[in-house]
Amino acid sequence: MRFLQGNISARFKVIYGVFFLIIISSTVWLSYLSSKGGMEDQLRRTNTALLHLSQQKIEMMLHEIDTSTINFVQEPDVEFFLNGRYASDELRLNYFRILNARFKTLMFANSNISSFYLYSLANKNLLTDVTYSDESSFYDMAWHDAYVSMKGYGEWLDTRKVTEISSGLQIEKNMITLVRTYPLISLPQSRKGAIIVNVAESTLSNLIQDVDQQRAGQTLVINDQGMIISSQNKEHLFHSFSTIPGAPKLSDFKENGYVTTHSKSGSYTTFYLTSTYNGWKYISIVPDPEMNRPLMIVRNLLLIVTAGMFLLAIVIVFAVSNYTFRPLELFFHSVAGKKSVRSGDLTYMEQFFKQMISDNESLQKQMNDSLPALKWRLIMSLLMGDKTNYDRMKPYFHTLGIDLYHTQFLVLIIELDRIEENHTPRDVYLFTYAISNVADELIAGVCKGTSVELTDGRVTVIMSFESEDSQGNQIQALQVADLVKNYVGLHFKQTVTIGVGSPHSHLEGIQSSYEEAQNALKYKLIMGDNTVVSIDDIAGSNYNEKFYRITALIDSVVNLVRETDKIKLRSQVDKIFGEVVASNVPPELIKQMCIQIIMKSIKVISDKGLEIKEFLDPKENIYDRIECCTKVADLKSYMSGFLHQLIVRTEEKRLAKGHHDTIGQVLAYVEEHYMDSDLSLNLLAAQFELSVPYLSKLFKETTETNFMDYLIQIRMEKSKELLLGSKQKVNTIAECVGYNNVQSFIRIFKKYTGQTPGDFRENLKKGEDDKNGELESG
């Protein structure tokens with residue numbers, strides 16, 4: 001104390017040392033307090049963002065599976081099975097083979113699907129990719145109660161144990177199950193069945209694990225009752241969330257947020273998000289010491305910085321003191337030489353801040369890498385009609401770099417032509433990417449919009465307009481479509497077909513315009529490649545009357561197949577497809593017409609007693625062949641070839657048949673007794689001591705028709721002879737050929753000849769009069 005009172009240099013050092021200590025300590029402490037709240041908030045936001053990323057990954061996968069299921073259940077083959085209506089066992093087996101192929105295609109396209117059932121409520125049976133079983137003997141019916149009590153149209157069930165049978169072994173798996181009703185939108189009393197999709201719980205936990213590697217804590221998925229649906233620790237499954245250490249009460253949860261709890265095992269912060277899609281909660285429980293570790297490191301570093309700054313201040317004080325008080329210079333030098341001065345204490349803090357910057361850059365890079373996927377997901381939601389509030393979506397548009405007006409929207413779909421024939425998968429990917437960029441650039445010169453690569457070879461474009469001039473906006477869209485088509489042809493040497501929807505107001509109109517563009521693009525089957533098809537080109541086209549006339553021509557084609565007339569058949573097929581193109585019939589109806597012709601022709605051949613298996617290649621799927629046709633010419637070529645081959649094989653079969661003596665006697669009996677009104681197949685079978693089924697088979701093999709058609713043919717030919725050669729009344733002629741009811745005779749005669757008996761006689765008489773008149777004038 002005496003030293004300080006008498007020594008000016010020592011007093012200077014002590015006073016300024018204390019002053020700097022107070023200033024530095026206060027500054028650092030205030031800085032720590034001011035940054036603590038922000039850092040804690042940043043840590044919570046980071047944990048929430050990572051939990052949200054887990055939710056997005058899981059729900060993106062679930063939405064994809066749900067969308068694939070919806071598309072699958074709309075297939076005609078699925079409809080046939082779920083409705084439980086098949087014309088024959090052979091047709092049932094054929095559909096089962098088709099469904100089996102579609103099952104495998106769907107599961108191959110989506111590897112997250114573990115197993116897949118179709119449940120027919122009408123037949124009480126189920127079909128999977130490997131088995132067909134009755135409801136009573138199927139190995140997994142635990143979902144059925146949920147299906148019966150389900151009020152909506154689809155529901156994701158909680159994790160359950162499913163014992164599957166594979167290669168004779170019983171394998172128990174944890175599954176999350178989607179149950180979707182059929183029809184897709186129907187009341188419970190109107191349901192025809194269901195489609196059940198099983199997803200392994202490990203698929204969800206793996207997605208969670210990918211994100212959890214970036215932080216401490218554990219992430220769970222629970223239902224609204226608090227039962228654990230998914231966890232990396234499989235022992236947690238099927239238990240209550242309350243059994244997890246540090247877990248808060250379920251009543252503490254709201255929609256989204258976090259809860260801090262204190263227990264004997266420590267302090268925990270629980271982050272939670274509630275899904276609007278399936279009602280699940282995504283939970284992340286993080287011990288506070290682990291979560292606040294970066295904050296503790298910063299605090300310790302600030303203490304080190306405080307000590308370092310204080311030491312620096314002391315050094316400065318000593319330097320100033322030495323410079324000011326020269327008489328004491330040797331004293332200060334001797335003091336400094338005896339004490340250890342630390343000059344490298346800032347290295348650890350420097351490394352820490354570098355690590356923080358590196359982690360921030362890594363997180364930013366991950367966010368940037370995920371932007372294309374998020375953009376694709378957002379645009380798909382717009383196209384599907386999931387997002388319809390522009391003000392709510394505007395921040396997301398800004399984040400993803402999407403700039404749209406909010407007045408009117410229009411959708412284009414650009415499809416690369418003939419991708420299977422001319423391109424490798426890599427080429428298709430590159431062309432699709434390039435077309436998307438070209439579309440973005442051309443749109444920017446007209447309006448605001450964005451594009452996305454919907455699939456390889458197909459790009460979807462959303463255009464938005466500031467004005468409400470629908471006609472003008474439609475014209476601008478068509479101009480952009482033509483520019484894209486010409487640019488691709490000029491620079492890429494490729495052709496594209498573009499479907500153009502119509503303008504619609506508000507975001508909800510995007511879905512309608514997208515569906516219109518899809519429908520327009522289907523007319524590529526008629527209009528060919530390298531075209532722009534607007535919905536206005538096809539909307540409102542009155543094809544019904546013409547299509548009914550085309551449908552009437554179908555029977556004529558089937559009759560030509562029955563008569564094995566190849567020349568007339570080719571001409572009739574040309575006529576039908578000419579009517580199809582001229583009438584602008586929708587592609588779906590054209591393909592339905594082709595299937596109808598083929599199925600009726602097959603029925604005609606079967607009715608002749610010929611085995612259809614002899615004509616059809618078991619490896620060929622008629623439905624797939626027709627669906628793969630992209631042009632009307634391809635459909636016509638396939639149809640003509642199929643029917644021609646059918647006739648050729650029928651003629652070969654007919655030549656190979658021998659004559660049967662018994663049927664000859666039967667035919668002679670029919671020729672002699674056709675006028676008997678009670679003549680029937682049963683009477684003939686009794687007369688010749690044959691069984692009815694055997695006699696029916698003999699008729700088909702010999703006459704290539706059934707007994708009743710053969711009898712009608714004889715009676716009609718005899719009645720025409722009587723109408724031509726006599727003046728008897730129609731009712732008398734009807735009795736002469738075996739008809740007691742004259743109305744039945746007239747109806748059958750008209751169906752057979754296209755004319756009533758009276759018209760037939762009058763037209764014959766008129767023809768003879770005209771012929772006689774020509775002879776007299778000659």
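Buried means under 20% relative accessible area, exposed means over 50%, and partly exposed is the range in between. The exercises below use these classes on a predicted model.

**Exercise 1. Classify both partners of the Lys 448 salt bridge, and place them in the fold.**

Step 1. The partner of Lys 448 is Asp 403, with the closest N and O atoms 3.2 Å apart.
Step 2. Lys 448 has 26% relative accessibility, so Lys 448 is partly exposed.
Step 3. Asp 403 has a relative accessible area of 44%, so Asp 403 is partly exposed.
Step 4. Lys 448 lies in strand S14 (residues 448–455). Asp 403 sits in the loop between helix H11 (390–399) and strand S13 (408–416). The pair therefore ties together parts 45 residues apart in sequence.

**Exercise 2. Repeat the analysis for Arg 180 and Asp 66: are they buried or exposed, and what do they join?**

Step 1. The two side chains meet in a salt bridge at 2.8 Å, N to O.
Step 2. Arg 180 belongs to strand S6 (residues 169–182), and Asp 66 to helix H2, so the bridge ties together parts 114 residues apart in sequence.
Step 3. Arg 180 is at 12% relative accessibility, so Arg 180 is buried.
Step 4. Asp 66 is at 7%, so Asp 66 is buried.

**Exercise 3. Explain how Lys 720 and Glu 717 are spaced along their helix, and classify each.**

Step 1. Their side chains form a salt bridge of 3.3 Å, N to O.
Step 2. Both residues are in helix H26 (residues 707–725). They are three residues apart, so about one helical turn separates them.
Step 3. Lys 720, at 21% relative accessibility, is partly exposed. Glu 717, with a relative accessible area of 33%, is partly exposed.
Step 4. For the whole model, the count of salt bridges is seven.

**Exercise 4. Check the length of helix H6 against the expected span, then list its buried residues.**

Step 1. Helix H6 covers residues 201–212, which makes 12 residues.
Step 2. At 1.5 Å a residue, the helix should span 16 Å.
Step 3. The end C-alpha atoms are 17 Å apart, which agrees.
Step 4. The buried residues of H6 are Glu 201, Thr 203, Leu 204, Ser 205, Leu 207, Ile 208, Val 211 and Asp 212.

**Exercise 5. Describe the largest nonpolar core and trace the contacts of Ile 58.**

Step 1. Recall the general tendency: nonpolar side chains tend to be buried together in soluble globular proteins.
Step 2. The largest nonpolar core here has 38 residues. Those with the most contacts inside it are Ile 58, Phe 72, Phe 116, Leu 118, Trp 156 and Trp 280.
Step 3. H2 supplies the largest share of this core, seven residues.
Step 4. Leaving out residues up to four places away in sequence, Ile 58 touches Leu 204, Leu 207, Ile 208, Val 221 and Tyr 282.
Step 5. Apart from this core lies another, of 35 residues. Its members include Tyr 95, Val 580, Ile 595 and Ile 647.

**Exercise 6. Locate the nonpolar surface patch that includes Tyr 16.**

Step 1. The patch is made of Ile 15, Tyr 16, Phe 19 and Ile 23. Together they offer about 380 Å² of accessible area.
Step 2. Ile 15 is in helix H2 (residues 8–73). Tyr 16 is in H2 as well.
Step 3. Tyr 16 has 38% relative accessibility, so Tyr 16 is partly exposed.
Step 4. Tyr 16 and Ile 316 are 300 residues apart in sequence, yet their C-alpha atoms are 10.0 Å apart.

**Exercise 7. Work out the surroundings of Thr 274.**

Step 1. Thr 274 lies in strand S11 (residues 266–274).
Step 2. The relative accessible area is 16%, so Thr 274 is buried.
Step 3. Beyond residues up to four places away in sequence, Thr 274 touches Gln 55, Lys 254, Glu 255, Asn 256, Gly 279, Trp 280 and Lys 281.
Step 4. His 52 is 222 residues from Thr 274 in sequence and 9.9 Å away, C-alpha to C-alpha.

**Exercise 8. Summarize the chain as a whole.**

Step 1. The secondary structure comes to 29 helices and 18 strands.
Step 2. The chain has 778 residues, of which 40% count as buried.
Step 3. The accessible surface is about 42600 Å², with 54% belonging to carbon and sulfur atoms.
Step 4. Among contacts with a separation of 6 or more, 64% join residues 24 or more positions apart.

Terms used:
Residues numbered from 1 in each chain as written. Predicted model: local features only at pLDDT ≥ 70, side-chain atom pairs only at ≥ 80, totals over all residues. Heavy atoms only, no water. Patch = residues over 30% accessible without salt bridge, like charges linked within 9 Å, V, L, I, M, F, W, Y side chains within 5 Å. Areas by Shrake-Rupley, 256 points an atom, 1.4 Å probe, with all protein chains shown as cover. Salt bridge = Lys/Arg side-chain N within 4 Å of Asp/Glu carboxyl O. Helix = DSSP H or I, 4+ residues; strand = E, 2+ residues; numbered from the N terminus. Buried < 20%, exposed > 50% of the residue type's maximum accessible area, 1.4 Å probe, protein only. Contact = heavy atoms within 4.5 Å. Core = buried A, V, L, I, M, F, W, Y, C linked by side-chain atoms within 4.5 Å. Expected span 1.5 Å × (residues − 1).
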